[in-house]
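Me: I have a model open and would like to talk through its charged pairs and then its overall build. Could you take me through it?

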Amino acid sequence: MVKDKVLIVSALEQETNGQLEDYDVLYTGVGKVNATFKLTQKFGKYGSHIPYDLVVNYGTAGSRNLPIGELVDCTRFVQRDMKITQLGFYEGQTPFESPNTMIVLSTSNFNPIDKRLVCGTGDSFVDDIKKESLYVQVFDMEAYALAKVCREYDVPFISFKYITDNVNEHSVKDWEENCSDGVGLFKSEVLKKLLDFDEDLL
């Protein structure tokens with residue numbers, strides 16, 4: 001697959017540690033609003049023609065049971081902080097949107113890791129797992145927003161997350177220590193294989 005046809009999206013430059021200069025990388029900043037705005041802006045400036053065959057999100061995340069230092073793929077995305085159950089909506093459902101669309105699915109056939117985990121996105125740093133839904137396996141702050149933008153623009157999307165912490169009282173310290181450590185693994189386990197991937201299979 002041609003590099004120029006792939007857009008890599010990360011929240012922060014410190015997550016990539018300056019090692020992705022050969023790729024088109026978009027840094028969005030932290031959170032769902034920043035992620036939505038930056039990716040939409042990136043797509044929008046090209047008008048009706050988006051010059052990417054695939055959007056790959058790489059970033060850091062916490063998990064309740066995955067070991068720190070593991071690189072995983074996420075293919076299902078939910079808003080973990082969208083909880084309007086008082087009005088009769090499901091947890092994770094945006095009010096007045098169909099519950100059938102509350103889980104955004106990856107549309108990429110490229111997936112060299114193939115764990116297919118559920119990523120819960122929210123505008124908070126998780127350090128107390130007791131407050132979070134049991135079906136969420138990976139916790140971040142941008143992927144759902146990116147996945148939804150790609151769904152609206154009909155661009156294939158997939159997310160790879162490097163586990164930095166175990167969503168507990170040590171999470172902040174663990175994230176700070178580990179946030180730059182995963183990019184080498186991302187390059188060897190994902191990007192190296194992406195270059196050999198037949199783009200017609202996307």
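Me: How many salt bridges does the count come to?
Reply: The count comes to nine salt bridges, and please keep in mind that this is a predicted model.

Me: OK, what does Lys 115 form a salt bridge with?
Reply: Lys 115 pairs with Glu 70, and their closest N and O atoms are 3.3 Å apart. The two belong to distant parts of the chain, 45 residues apart, with Lys 115 in the loop between β5 (104-105) and β6 (117-121) and Glu 70 in the loop between β3 (54-63) and β4 (71-79).

Me: And Glu 70, buried or exposed?
Reply: Glu 70 counts as buried, because its relative accessibility is 19% and the cut-off for buried is under 20%. Its partner Lys 115, at 41% relative accessibility, counts as partly exposed.

Me: Which side chain meets Lys 148 in a salt bridge?
Reply: That is Glu 97, with an N to O distance of 3.0 Å. Glu 97 sits in the loop between β4 and β5, while Lys 148 is part of helix α3 (residues 143-153), so this salt bridge ties together parts of the chain that are 51 residues apart in sequence. Lys 148 is buried at 19% relative accessibility, whereas Glu 97 is partly exposed, with a relative accessible area of 32%.

Me: Where do Lys 193 and Glu 189 lie?
Reply: Both are in helix α5 (residues 183-194), four residues apart, which is about one turn of the helix. They form a salt bridge in which the closest N and O atoms are 3.6 Å apart. Lys 193 is partly exposed at 38% relative accessibility, and Glu 189 is also partly exposed, with a relative accessible area of 33%.

Me: Switching to charge overall, how many positive and negative side chains are there?
Reply: The protein chain carries 21 positive and 32 negative side chains, and the centres of these two sets lie 2 Å apart.

Me: Now the fold, what pattern does the chain follow?
Reply: Along the sequence the pattern reads β-α-β-α-β-β-β-β-β-α-β-α-α, which comes to five helices and eight strands. The radius of gyration is 16 Å, close to the 17 Å that the globule rule gives for 202 residues, so the chain is as compact as a globular protein of that length.

Me: What share of the residues is buried, and what about contacts?
Reply: Buried residues make up 50% of the 202 residues. Among contacts between residues at least 6 apart in sequence, 76% join residues at least 24 apart.

Technical notes: Residues are numbered from 1 along each chain as its sequence is written. This is a predicted model: local features need pLDDT of at least 70, side-chain atom pairs count only at pLDDT 80 or more; totals for chains, interfaces and linings use all residues. Side-chain values use heavy atoms; hydrogens and water are left out. The radius of gyration is taken over C-alpha atoms; the globule rule is 2.2 Å times the number of residues to the power 0.38. Buried means under 20% relative accessible area, exposed over 50%, partly exposed in between (1.4 Å probe, protein chains only). Contact means heavy atoms within 4.5 Å. Lys and Arg count as positive and Asp and Glu as negative; His and the chain ends are not counted. The place of a charge is taken as NZ of Lys, CZ of Arg, CG of Asp or CD of Glu. A salt bridge is a side-chain nitrogen of Lys or Arg within 4 Å of a carboxyl oxygen of Asp or Glu.
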